[in-house]
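Me: I have a model open on my screen and would like to talk through some of the labels people attach to it. Could we take them one at a time?

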Amino acid sequence: MPIVDEPFPRPARWGGPELARLTRMLGQSSLFYWKGPQTAALHEEFRKLYPFKHLAACSSGTASLHIALAALRLRPGEEVIVPPITDMGSVIGILYQQAVPVFVDLDPDTYNLDPAAIENAVTAKTRAIMAVHLAGNPCDMAAILTIARKHRLVVIEDCAQAWGAEQQGRPVGMFGDFGCYSFNDFKHLSCGDGGMVGTQSDQFGESLGKWGDKAYDRVAGERDISLLRDPSDLAPNYRISEPQAAIAAAQMGKLGAIVARRIEIASRLTAALGEVPGIRPPVTRAGDKHSFWFYLLRLETERFRGGQAGFADALRAEGVNLSAGYLPKPLYGYRVFQNHNFFGGAWPVRDFGLTTMDYRQVKCPVAEAILADSILLYMNEAFSDGYVTKLIQAIVSVARRLAR
Ligand SMILES: Cc1ncc(COP(=O)(O)O)c(C=O)c1O
């Protein structure tokens with residue numbers, strides 16, 4: 001019998017509040033987001049936790065980041081500093097805007113951008129830093145903002161994995177120029193797919209919505225119909241719809257309880273696993289609230305027979321739901337980057353001499369080490385105390401059995 005002898009817990013994610021909103025919504029004459037009561041409610045609920053001046057609900061986290069990047073009016077060949085361990089959604093908008101993702105290395109304990117590495121990567125072409133709060137662990141925003149001010153860079157916070165995370169009591173996303181969020185199916189909060197981008201800046205904020213709505217400025221367009229028919233810029237359709245917004249609005253009220261439970265679970269894991277020789281739990285810096293989308297621990301692999309793969313296999317045999325590492329490789333190692341195959345086999349900014357970036361030459365040793373020696377424990381708020389106890393027993397038992 002495996003030590004974890006019960007099925008992986010699954011929370012009931014949707015229920016009464018979502019149904020109530022959807023039922024009311026079906027009485028509406030339109031399911032379009034513009035002037036939609038569900039989209040308005042989503043903005044209102046979102047603002048209770050994230051009081052941004054300007055908001056644009058949209059179709060995904062990827063869309064929210066692309067909208068922020070488009071609002072910057074990046075010039076072809078300009079650079080955006082990003083971490084190499086993140087979702088493709090962090091970089092898709094950069095590439096579509098003909099800008100260049102510049103990967104810099106990570107802190108070995110928090111797995112977030114290393115401020116010293118950011119500083120080293122700044123060039124005359126750098127326009128922005130994308131701070132990805134990986135797994136819900138806040139980046140070192142004080143250091144990042146200091147660098148940004150010094151070099152006049154914009155800061156975009158990718159909070160897709162960081163719902164409910166805070167630094168010094170302030171929610172992440174509200175430190176930089178833009179906060180971007182995802183409601184995809186795997187996140188703390190979900191409406192299947194959806195996103196939100198917020199900013200306090202009037203310069204970026206007043207036209208935020210148009211960057212996800214084919215450049216139709218519906219707010220201004222109400223006053224001047226010609227703006228609705230005569231777009232000034234090129235932008236994709238990243239609109240949310242009322243059914244998505246209804247569910248997302250109802251989800252916002254659940255965040256506090258979800259994050260509180262995840263923190264309890266993670267705190268127990270860290271207290272127990274920190275005692276096990278050869279295991280390095282993730283580090284939450286003082287003053288930070290890590291919201292634990294997943295729990296990524298590192299192994300001193302030389303201390304265990306079979307290394308990362310052996311540890312992962314043994315844990316799986318004990319009934320633990322995990323992944324060896326998070327991504328198979330850092331983003332720059334993916335085929336699309338190695339082949340610079342961004343636009344049908346071409347990469348115009350490189351082909352026409354606006355960048356010399358060669359992703360085959362990029363190396364971030366800390367990021368590579370993290371992926372090569374970590375174990376990702378899938379987790380959620382439905383874990384009972386008993387389940388966490390079994391999880392800890394399984395990990396401790398495997399560590400003892402495989403110790404050299
Ligand atoms: C860090 C990060 N950024 C961006 C995204 C993109 O979000 P979406 O899947 O909603 O487009 C994700 C989603 O997995 C993510 O984890």
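Reply: Gladly! Let's start with A135, which sits in the loop between β4 (126-132) and α6 (141-151). Keep in mind that this is a predicted model.

Me: What makes A135 buried or exposed?

Reply: The cut-off for buried is under 20% relative accessible area. A135 has a relative accessible area of 4%, so A135 is buried.

Me: And what is notable about the phi of A135?

Reply: The phi of A135 is near 60°, a positive value in a residue other than glycine. Most residues other than glycine have a negative phi.

Me: Where is F292, and what is its phi?

Reply: F292 belongs to the loop between β11 (288-289) and β12 (294-299). Its phi is positive, about 50°, although F292 is not a glycine.

Me: How do you know whether F292 is buried or exposed?

Reply: The same test helps here: buried means under 20%. F292 has 6% relative accessibility, so F292 counts as buried.

Me: Let's move to a helix. Which residues of α12 are buried?

Reply: In α12, residues 307-317, the buried ones are G307, Q308, F311, A312, A314 and L315.

Me: Why do you say that the buried residues of α12 line one face?

Reply: Looking down the axis of α12, its buried residues fall within an arc of 165°, so they line one face of the helix. As background, an α-helix has 3.6 residues a turn, so residues three or four places apart point the same way.

Me: What do the buried residues of α12 pack against?

Reply: Their partners are β10 (279-280), β12, β13 (322-324), α15 (365-373), β14 (374-378) and α16 (385-402). After α12 comes G319, with a positive phi near 90°.

Me: Now the ligand, please. What makes the pairing of K187 with the ligand a polar contact?

Reply: A polar contact needs a pair of N or O atoms within 3.5 Å. A polar side-chain atom of K187 is 2.6 Å from an oxygen atom of the ligand, so this pair fits the definition. G61 uses a polar backbone atom, 2.7 Å from a ligand oxygen. For D87, a polar side-chain atom lies 3.5 Å from an oxygen atom of the ligand. The protein covers 91% of the 390 Å² of accessible area that the ligand has on its own.

Me: Which residues come nearest to the ligand, and what kinds make up the shell?

Reply: Of the 14 residues around the ligand, G61, T62, D158, S182 and K187 come nearest. The shell divides into three nonpolar, eight polar and three charged residues. Helix α3 (residues 61-71) gives the largest share, three residues.

Definitions and conventions: Residues are numbered from 1 along each chain as its sequence is written. This is a predicted model: local features need pLDDT of at least 70, side-chain atom pairs count only at pLDDT 80 or more; totals for chains, interfaces and linings use all residues. Side-chain values use heavy atoms; hydrogens and water are left out. A residue is near a molecule or strand if one of its heavy atoms lies within 4 Å of it. A polar contact is a pair of N or O atoms within 3.5 Å; within protein, one must be able to donate a hydrogen and the other to accept it, and residues adjacent in sequence count only if both atoms are side-chain atoms. Accessible areas come from the Shrake-Rupley method with a 1.4 Å probe; for residues, only the protein chains shown count as cover. Helices (H or I, at least four residues) and strands (E, at least two) are DSSP runs, numbered from the N terminus. Ala, Val, Leu, Ile, Met, Phe, Trp, Tyr, Cys and Pro count as nonpolar, Asp, Glu, Lys and Arg as charged, and the others, Gly among them, as polar. Buried means under 20% relative accessible area, exposed over 50%, partly exposed in between (1.4 Å probe, protein chains only). The arc is that of the directions from the helix axis to the C-beta atoms. Contact means heavy atoms within 4.5 Å.
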